[in-house]
Amino acid sequence: MTATTRRFAYASLPLLLGLALGALWGGGGHPATAALPPAIDGQALPSLAPMLERVTPAVVNIASKTHVAVRNPYFDDPIFRRFFGVPNMPRERVQQSLGSGVVVDAAKGYILTNNHVVDGADDISVTLSDGRTLKAKVLGTDPDTDLAVLQIPAEKLTALPIADSSALRMGDFVVAVGDPFGIGQSASTGIVSGLGRSGLRGAGYQNFIQTDASINPGNSGGPLVNLRGELVGINSMIYTPSGGSVGIGFAIPSNLASDVMRQLVTTGQVKRGVLGVEAQDLTPELARVLALDGMHGAVVTRVRANSPAETAGLRAGDVIVSLNGKNVGSAQDLHNIEGLTAPGAAVAVGVQRDGKLITISTALKPTELVVLAGDALDPRLAGVTFSELADDVRRQGVSGVSVSRIARNSPAYAAGLRNGDVIVALNRRDLSGPSDFSRLLASRPRQLMLTLLRGDEAYYLLLQ
């Protein structure tokens with residue numbers, strides 16, 4: 001029986017059966033144990049139990065511990081530290097978080113989850129449905145799509161098959177599985193209530209599945225499955241005006257998750273295509289100045305040298321209104337479509353120029369970030385790899401270099417430097433990028449005082 005006929009079969013059952021199914025699963029927890037008959041007029045009640053019995057062994061609980069610096073304005077001052085003999089290492093507290101994940105490769109022990117579940121974690125434990133708890137290794141993370149790939153020992157694991165999320169339609173039934181609030185594995189049903197959602201605050205590249213299946217704290221990183229028990233999405237976030245679920249949740253499509261996982265497993269990083277322009281929203285005021293009243297799009301403010309945009313002839317002042325047939329209503333739209341298009345892909349750019357709509361063809365160039373090895377820069381930075389900041393970080397007005405890798409046995413790690421830290425200044429001199437960082441270190445300064453951004457916090461770190 002095909003998926004379509006199976007849906008029609010469920011829809012053709014009496015309304016009473018639908019209400020019974022809703023009563024069983026509407027709470028987002030385990031099936032209720034009310035005394036319902038196994039059949040009505042000889043017809044068995046529909047149940048998701050057989051499907052969930054296949055799915056839940058692949059769903060895992062993830063517990064992570066992160067050492068977070070505790071900021072103090074006095075202890076952050078290097079002069080205060082030296083005068084009073086305060087150790088250089090930032091004071092820390094242990095932050096614990098719970099989330100979910102799903103095994104997608106039983107032979108290799110690969111687990112998909114959200115980046116925010118394991119971001120910056122020093123210790124990650126994965127608990128399987130059979131009660132086993134295993135230490136996990138992070139194979140790679142992608143904050144821009146909020147995805148991470150973990151690996152655990154591949155012993156007696158069950159994996160979920162991955163479905164083609166592009167085949168989803170609004171109205172398809174889905175089930176969100178995870179460990180909300182740490183109370184144990186639970187399931188909640190709903191439908192796909194929207195597709196291709198973007199423009200959500202606080203997220204990077206966005207192409208979310210919207211669902212009314214309850215996604216509660218702790219469900220993050222767990223699977224969204226279809227009625228065949230196939231993975232169609234990774235639960236990521238909810239829309240909430242009050243902190244609780246209001247029936248609007250978002251999941252990362254399985255096709256996007258699969259592509260990100262493939263790159264992370266292969267190279268440890270995700271490369272995206274770039275057009276090579278900087279842009280801003282076409283506001284009503286700007287539209288009047290450019291005689292573009294009623295238009296929407298992204299105004300090109302700068303074309304980068306040696307970029308696909310420069311080669312194709314894009315200019316500052318052009319208004320990009322579409323990319324590969326998708327409407328561009330803002331600079332965020334352009335950034336989103338650009339980042340979700342494969343590197344090297346041919347694209348058609350719809351441009352409003354001098355009152356005329358033209359189409360410019362080009363191909364996106366893979367992102368190439370400058371990478372610096374700490375060993376070559378200064379012995380005190382041995383074991384650390386630094387990289388150029390990504391476009392989305394620079395767009396927030398931040399400049400400097402980021403810590404992309406750090407060895408736990410390195411001097412910098414012992415001093416408190418962590419993966420993901422952004423260094424914005426060296427010895428109180430602001431950094432514009434990797435070239436500044438290399439130039440200042442070339443003078444072999446006696447001490448290294450790094451000004452760091454970690455999340456929303458900033459502090460000094462002194463390396464002697």
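Visitor: How many bridges join β25 to strand β26?

Guide: This is a predicted model, where local features need pLDDT of at least 70, side-chain atom pairs count only at pLDDT 80 or more, and totals for chains, interfaces and linings use all residues. Residues are numbered from 1 along each chain as its sequence is written, and side-chain values use heavy atoms, with hydrogens and water left out. Strands here are DSSP runs (E, at least two residues), as helices are (H or I, at least four), numbered from the N terminus, and two strands pair if DSSP finds at least two bridges between them. β25 and β26 (residues 401-406) run antiparallel, and the bridges joining them number five.

Visitor: And which residue is the bridge partner of F386 in β26?

Guide: F386 sits opposite β26 in the bridge pattern. Its partner there is V403.

Visitor: What about the pairing with β24: which residue of β25 is the bridge partner of A373?

Guide: β24 (residues 371-373) also runs antiparallel to β25, with three bridges joining them. For A373, the partner in β25 is T385.

Visitor: Why is β25 largely enclosed by the rest of the structure?

Guide: Buried means under 20% relative accessible area, exposed over 50%, and partly exposed in between, using a 1.4 Å probe and protein chains only. β25 covers residues 384-388, and it is largely enclosed because the buried ones among its five residues number four.

Visitor: Moving to the largest nonpolar core, which element gives the most to it?

Guide: A nonpolar core is a set of buried Ala, Val, Leu, Ile, Met, Phe, Trp, Tyr and Cys residues joined through side-chain atoms within 4.5 Å. This one has 28 residues, and V102, L112, V175 and I234 have the most contacts inside it. Elements giving two or more residues include β4 (92-105), β10 (173-178) and β14 (231-238). The top contributor, with five residues, is α6.

Visitor: How many residues are in the second, separate core?

Guide: That core includes L431, L440, L441 and L450. Its residue count is 24.

Visitor: Is N114 buried or exposed?

Guide: N114 lies in the loop between β5 and α5 (115-118). Leaving aside neighbours within four places in sequence, its contacts (heavy atoms within 4.5 Å) include D146, S220, I234 and I252. Its relative accessibility is 0%, so N114 counts as buried.

Visitor: Zooming out, what percentage of the protein's residues are buried?

Guide: The protein has 13 helices and 30 strands. Out of its 464 residues, the buried share is 45%.
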